[in-house]
Amino acid sequence: MKRLSLPPLNALLGGLLLGILVAAALVGLVWTPFDPLRINILGRLQAPDTLHWLGTDEFGRDVLSRLMDAAFTTLSISLLTVLAAVFAGVWLGVLSGYLGGLVDRLVMMITNTLLAFPGILLALGLLSVLGNSRYGIVLALALAYTPSVVRIVRGTVRSLRESDYVEAARVMGHSEPFILARHILPNCLAPLIVLATSMLGWAIISESALSFLGLGVPPPRPTWGNMLAASRENLADAAWLAVFPGLCISFALLGVNLLGDALRDFLDPRMKP
Amino acid sequence: MSLDDASPLLAVSGLTIEINDKLVVDDLSFAVAEGETIAIVGESGSGKTLATRSLLGLLPSGVNCRVGSMRFKGNDYRLDDLEALKTLRGHSLGMIFQEPMTSLNPALRIGQQLHEGLKLHTRLERAERERRILAMLERVGLARDRALLECYPHEFSGGMRQRIMIASVMLMAPALIVADEPTTALDAVVQREVMETMLALTREAGNATILISHDLAMVAHYASRVLVMCQGKLVEQGETVALLAAPRHPYTRKLLDALPRRVALAPPAPAEHPVLALQRAVIEYAGRRRWFRPTVSKRAVDCVSLEVARGETVALVGASGSGKTTVAKAIVGLVPLHSGEMCFDGRSLAGMDRSRRRTWRLDCQMIQQDPFSSLDPRMRVRQIVDEPLRLDAALDRGQRLARVNEVIDEVGLGVEFLERFPHQLSGGQRQRVAIARAIARKPRFIVADEPTSALDMTVQKQILTLLVELQRRYGFACLLITHDLGVVEQIAHRVLVMEQGRIVESGERDQVLDAPRHAYTRRLLMSLPQLAARAEGGFVLRERTLAGEGGAPT
């Protein structure tokens with residue numbers, strides 16, 4: 001039945017980029033070439049060479065080790081953010097779209113209010129209250145992203161609720177929860193996955209931006225964002241300090257988006273001939 | 001008006017269209033004389049639409065016409081020369097599309113849309129354009145009213161929109177009009193009216209017309225010649241009367257066989273109670289809620305009573321908006337009854353306890369109108385047919401699978417279809433899957449809501465035959481909702497005619513169809529084209545004769 005064929009180019013490239021970063025993050029958990037936090041004043045601002053592959057920063061810390069350590073921080077925070085936003089958003093969206101009425105109005109009122117603030121501003125405000133811990137960031141970003149999930153899910157549910165095959169399932173005698181789980185949620189999946197992958201991209205950017213502004217995971221823990229921020233002082237004579245974290249952010253984004261496209265095509269049976 | 005006229009208005013030769021190296025129109029040649037009406041008939045996928053679209057250079061992207069030429073009004077055109085064809089559109093070649101709901105731009109007032117063509121092709125003053133537009137609106141059967149021009153398309157019914165579409169094409173006075181299934185999306189009665197209007201108009205103006213349809217009986221009334229297309233090839237053509245009388249090609253014969261014909265049906269066995277009885281049912285829809293004003297609800301169904309016995313098919317006939325679908329929805333429990341009583345096996349539903357009501361729900365299934373939207377696109381055929389069986393606690397996995405295999409076989413699909421997704425099936429196959437889903441649990445009552453109106457004539461026939469056969473096997477009672485009396489002729493025992501929420505006529509099929517009493521039933525019947533079989537084979541056109549005082553619609 002199934003044909004063996006090469007996966008599409010976007011899946012291949014996206015998987016490769018993201019795979020390398022995830023592997024680096026996981027390896028970084030147990031082993032890094034150097035201790036990412038160890039300061040070596042004598043070996044500061046060394047250009048990339050055979051010992052320090054990606055050079056050292058203004059305190060003589062190994063950039064490669066710091067990037068690996070940061071990869072885990074950034075990727076885990078972004079992933080947790082998206083999972084939390086999707087979880088909360090799907091629940092609220094389904095309730096609001098399926099039940100309608102007062103629940104719908106209440107949820108949409110809150111959603112619209114949250115959507116009126118730029119996401120990063122909302123996160124900034126929350127972080128100043130919550131304090132900048134790892135979970136504080138997840139909570140703040142998830143809250144900023146949940147409204148878009150609610151919107152998408154609610155809209156899809158509302159149109160599916162009236163569809164002929166949902167009506168058919170009702171006539172068959174299936175219960176409402178069964179119809180929700182079997183007909184409505186799976187058909188929400190395609191738009192949701194597209195949204196979730198682009199959200200993962202935004203989350204990586206936002207986390208880096210927060211770190212860049214000094215509201216991310218507190219130093220000395222490295223993140224791609226705070227490494228980029230620190231590189232500004234020595235940009236003229238140590239460009240590698242800005243280039244490598246920047247590349248990491250770009251590659252992560254590119255990988256996530258390519259993989260998201262491929263995933264959506266794969267999950268939609270209508271895309272198969 | 002025949003092929004050997006010295007110079008026909010349009011002569012197409014060698015028209016060939018390919019999609020991905022597959023021939024969809026194969027070396028098609030035909031001619032249309034000045035003022036002549038011809039018909040191109042074939043199933044969906046026969047290439048009739050693509051062939052005529054290519055004359056206007058309107059092929060969808062990805063479809064290319066490489067070979068072919070046409071001679072139009074004495075000039076030669078290559079059919080791959082899109083720029084040249086574009087100059088013909090509008091004032092020389094007009095096209096009326098199938099779907100009046102989507103062929104008018106919903107964001108523009110119809111006045112703007114009617115002005116558009118005249119502005120492009122003529123140098124008339126605005127006042128003169130408006131004068132012509134208003135005259136044309138009157139001609140197509142709408143009022144000569146300036147206020148109409150300020151309306152948006154959604155403010156008109158389907159039939160009126162198609163009239164507006166016809167007006168916009170006729171305003172250009174094209175020499176040739178291509179009408180692609182112009183009335184397929186409309187109700188039977190409206191269909192007839194729109195068709196009459198269109199052809200009266202073209203005859204008067206002397207335009208030639210190409211009618212495209214899958215309904216041979218319908219076009220036979222209007223076209224002087226018929227071309228039959230099958231899988232991209234022109235298989236037969238000829239004068240309508242001659243072609244009907246002696247069809248030569250097997251495909252033409254198949255098309256003619258698919259025409260609705262009255263079949264004698266075995267009467268249902270007498271039973272003590274009808275399976276379903278509806279007594280004085282009233283259904284209301286809540287109106288819009290307003291501040292400081294009482295809500296006015298709309299009565300969609302008013303005091304409807306009906307009974308369906310085991311093994312019997314009762315047809316509920318009416319125009320769109322007559323409330324027939326609302327009745328169906330109430331019976332399957334999607335819409336509550338406002339008042340009245342629903343009885344199942346002689347017992348009132350209101351008096352039933354929970355579990356018995358549940359049993360009735362499970363015993364009552366529905367076949368929906370549009371097989372393209374009634375199947376979950378993410379599920380395989382196996383899962384779709386299995387779905388109703390999941391509610392039967394008496395069946396385990398293996399028994400369910402066995403039943404799925406059995407049922408898919410009974411609806412004429414093989415087990416090889418089980419792993420397919422709906423989008424991999426044709427319309428007829430999808431409707432078979434929907435029927436399999438409906439009968440899987442061996443229900444005692446089935447509501448079929450226009451089960452064939454989205455299908456071609458030949459497929460329609462197959463589906464109806466299948467329903468009759470399944471009813472013989474399972475003995476379910478069936479309520480058939482339709483606006484098409486052709487369907488009624490083939491499978492119904494009794495007929496109920498509905499108009500504006502009320503039942504206006506009821507009786508045995510033969511009685512209602514041969515001696516209708518109510519004016520609306522007469523109009524419905526008159527709109528049904530009829531071909532009569534001749535004793536020596538073939539068909540002749542026949543005007544329907546009705547018993548009683550004449551046949552004139554009132």
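**Figure 1. Charges and surface of chain A in this predicted model.** Chain A carries 19 positive and 17 negative side chains, and the centres of these two sets sit 7 Å apart. Here Lys and Arg count as positive and Asp and Glu as negative, with His and the chain ends not counted; each charge is placed at NZ of Lys, CZ of Arg, CG of Asp or CD of Glu. The accessible surface of chain A adds up to about 13,700 Å², and carbon and sulfur atoms own 72% of that (Shrake-Rupley method, 1.4 Å probe; for residues, only the protein chains shown count as cover). As for bookkeeping, this is a predicted model in which local features need pLDDT of at least 70 and side-chain atom pairs count only at pLDDT 80 or more, while totals for chains, interfaces and linings use all residues. Residues are numbered from 1 along each chain as its sequence is written, chains are lettered from A and ligands numbered from 1 in the order in which they are written, and side-chain values use heavy atoms, with hydrogens and water left out.

**Figure 2. The fold of chain A.** Chain A has nine helices and zero strands, where helices (H or I, at least four residues) and strands (E, at least two) are DSSP runs numbered from the N terminus. Along the principal axes, its C-alpha atoms fill a box of roughly 75 × 50 × 30 Å. Of the 273 residues in chain A, 49% are buried; buried means under 20% relative accessible area, exposed means over 50%, and partly exposed is in between (1.4 Å probe, protein chains only). Take the contacts in chain A with a separation of 6 or more: 72% of them join residues 24 or more positions apart, a contact being heavy atoms within 4.5 Å.

**Figure 3. Annotated stretches of chain A.** An unreviewed UniProt entry puts the feature "domain: ABC transmembrane type-1" at residues 71–260 of chain A. UniProt positions follow the numbering used here, feature names are shortened, and annotations may be inferred rather than shown by experiment. Over residues 71–260 the chain is 84% helix and 0% strand, with 20 Å between the end C-alpha atoms. The unreviewed entry also lists "transmembrane region" for several spans of chain A, including 135–153 and 192–218. Residues 135–153 are 100% helix and 0% strand, and the end C-alpha atoms lie 25 Å apart. For residues 192–218 the helix share is 78% and the strand share 0%, with the ends 32 Å apart, C-alpha to C-alpha.

**Figure 4. Confidence in chain B and in the complex.** Chain B averages a pLDDT of 86, and 95% of its residues score at least 70 (pLDDT is the predictor's confidence in each residue, from 0 to 100). Within chain B, confidence bottoms out in strand 21 (residues 531–533), at a mean of 74, and is highest in helix 12 (residues 381–386), at 94. Residues 1–5 of chain B stay under 50 in pLDDT, and the model gives them ten contacts beyond four places in sequence. Residues 549–554 of chain B are also below 50, with eight contacts beyond near neighbours in sequence. For the complex, the predictor reports an ipTM of 0.75 and a pTM of 0.81.

**Figure 5. Helix 1 of chain B.** Six of the eight residues in helix 1 (residues 48–55) are buried, among them B:Leu50, B:Ala51 and B:Leu55. Just after this helix, B:Gly57 takes a positive phi of about 70°.

**Figure 6. Around B:Leu149.** B:Leu149 sits in the loop between helix 4 (126–139) and helix 5 (158–170) of chain B. With a relative accessible area of 4%, B:Leu149 is buried. Beyond its neighbours within four places in sequence, B:Leu149 is in contact with residues including B:Arg109, B:Leu114, B:Glu130 and B:Leu137.

**Figure 7. Strand 11 of chain B, with B:Ala281 and B:Arg280.** Strand 11 covers residues 276–285 and holds B:Ala281, which is buried at 1% relative accessibility. Not counting residues up to four places away in sequence, B:Ala281 touches residues including B:Val301, B:Cys303, B:Leu337 and B:Gly340. B:Arg280 lies in strand 11 as well, but is exposed, at 55% relative accessibility. Phi of B:Arg280 is positive, near 45°. Most residues other than glycine have a negative phi.

**Figure 8. The loop at B:Gln231.** B:Gln231 belongs to the loop between strand 9 (225–230) and strand 10 (233–239) of chain B. B:Gln231 is not a glycine, yet its phi is positive, near 45°. At 67% relative accessibility, B:Gln231 is exposed.
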